[in-house]
Amino acid sequence: ITRHQFLADLHRVLKPKVYLEIGVQYGSSLILAEAAEIAYGIDPVPLLFGAPQNQLPNQRIHQMTSDEFFGQRYLTEPIDLAFIDGSHLVEDAMCDYVNVQRHMRPGGVIVFDDVLPYNAAIAARTRSPNGPVPCPPAYAARTPAYVAARSALRPPPTSVRLEVATT
């Protein structure tokens, strides 16, 4: 089963009213939210504008980082289904989870993609001759204490781990 087949099945079963996707790229998974009332897409460099077949009237594309999106309070209703497929750095994925779970409808579902790196490029961090490149200030605050404090703002949803082998 591919990740798109898996997401299509989730859309069919859950029938989300509000869908949110972090990491839109060409919109191949965002288009699966065609039955949702609102499908939010967040990506600093979305490539779907070159793929008109993946654009629908219910989409609200936000060309910005997920931190910027959640800082601006664009959401007007709780999220029923969210797909986190943005930056694959653990601190970014964790921050996306913390932000998303604060806006979930009770019983909502959060799906992650590429949690385990499948190649060296995804696992790599940019390096300089003097060691790791420092994180931007927005990421510097993502210490375990920061994440724990943010998580305490709302009890986390019930988590279910489901491993799906995708191609």
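Below is a chat between two people about a predicted model, covering its sheet, its helices, its aromatic pairs and a few backbone oddities.

Colleague: Let's begin with the sheet. What is the order of its strands?

Modeller: The order is E3-E2-E1-E4-E5, in an open sheet of five strands with parallel pairing.

Colleague: Which strands stand at the edges?

Modeller: Strand E3 (59-62) and E5 do. Each has a single partner strand, so one side of each lacks a neighbour in the sheet.

Colleague: And by how much are neighbouring strands turned against each other?

Modeller: By 15° on average, ignoring direction.

Colleague: Let's look at E1. How many bridges join it to E2?

Modeller: Five, and E1 and strand E2 (residues 38-42) run parallel. One pairing to look at there is Tyr19, which stands opposite Ala39 in E2.

Colleague: How many bridges join E1 to E4?

Modeller: Four bridges join E1 to strand E4 (residues 79-84), and those two strands also run parallel. Leu20 has Ala82 as its bridge partner in E4, and Glu21 has Phe83.

Colleague: Glu21 caught my eye. Is that residue buried or exposed?

Modeller: Buried. Glu21 shares one side of E1 with Tyr19, while Val18, Leu20 and Ile22 are on the other, and both faces are covered. For the strand as a whole (residues 18-22), five of its five residues are buried.

Colleague: Which helices pack on the sheet, then?

Modeller: H1 packs on the sheet and touches E1, E4 and E5, with its direction at about 175° to that of E4. H3 packs on the sheet as well, touching E1, E4 and E5, and its direction makes about 160° with that of E5.

Colleague: Stay with H1. How does its span agree with what it should be?

Modeller: Helix H1 (residues 3-14) has twelve residues, which at 1.5 Å a residue should span 16 Å. The end C-alpha atoms are 16 Å apart, so the two agree.

Colleague: Which residues of H1 are buried?

Modeller: Leu7, Leu10 and His11 are. They cover an arc of only 100° around the axis, so they sit on the same side of H1. What covers the buried residues of H1 includes E1, E4 and E5.

Colleague: What's on the other side of H1?

Modeller: Arg12 and Val13, which are exposed there.

Colleague: I was also looking at Gln5. Where is it?

Modeller: Gln5 is in helix H1. With 42% relative accessibility, Gln5 counts as partly exposed. Its C-alpha atom is separated by 9.4 Å from that of Leu32, which is 27 residues apart from Gln5 along the chain.

Colleague: Switching to aromatics. How many pairs does the structure hold?

Modeller: Four aromatic pairs. One of them is Phe69 with Tyr74: the ring centres are 5.4 Å apart and the planes are at 25°, so this pair is stacked.

Colleague: Are those two buried or exposed?

Modeller: Phe69 counts as buried, at 1% relative accessibility. Tyr74 is at 32%, so it counts as partly exposed.

Colleague: Which residues form a cluster with them?

Modeller: Tyr40 and Phe70 join Phe69 and Tyr74 in one aromatic cluster.

Colleague: And what about Tyr97 and Phe112?

Modeller: That pair is tilted, because the centres of the rings are 6.1 Å apart and the planes are at 35°. Tyr97 lies in helix H3 (residues 90-101) and Phe112 in strand E5 (residues 104-112), so the pair ties together parts that are 15 residues apart in sequence. Tyr97 is buried, with a relative accessible area of 17%, while Phe112 counts as partly exposed at 35%.

Colleague: Last topic, the backbone. What phi does Lys15 take?

Modeller: Lys15, just after H1, has a positive phi of about 50°.

Colleague: And Gln25, where is that one?

Modeller: In the loop between E1 and E2. Gln25 has a phi near 50°, a positive value in a residue other than glycine. Its relative accessible area is 46%, so Gln25 is partly exposed.

Colleague: What about Arg73, buried or exposed?

Modeller: Exposed, with a relative accessible area of 74%. Arg73 sits in the loop between helix H2 (66-72) and E4, and has a positive phi of about 60° although it is not a glycine.

Key: Residues are numbered from 1 along each chain as its sequence is written. This is a predicted model: local features need pLDDT of at least 70, side-chain atom pairs count only at pLDDT 80 or more; totals for chains, interfaces and linings use all residues. Side-chain values use heavy atoms; hydrogens and water are left out. Buried means under 20% relative accessible area, exposed over 50%, partly exposed in between (1.4 Å probe, protein chains only). Two strands pair if DSSP finds at least two bridges between them. Rings of Phe, Tyr and Trp (its six-membered ring) pair if their centres lie within 6.5 Å; planes under 30 degrees apart count as stacked, over 60 as edge-to-face and the rest as tilted. The expected span of a helix is 1.5 Å times one less than its number of residues. The arc is that of the directions from the helix axis to the C-beta atoms. Contact means heavy atoms within 4.5 Å. Axes are lines fitted to C-alpha atoms, for helices over the stretch in contact, and angles run from 0 to 180 degrees between N-to-C directions.
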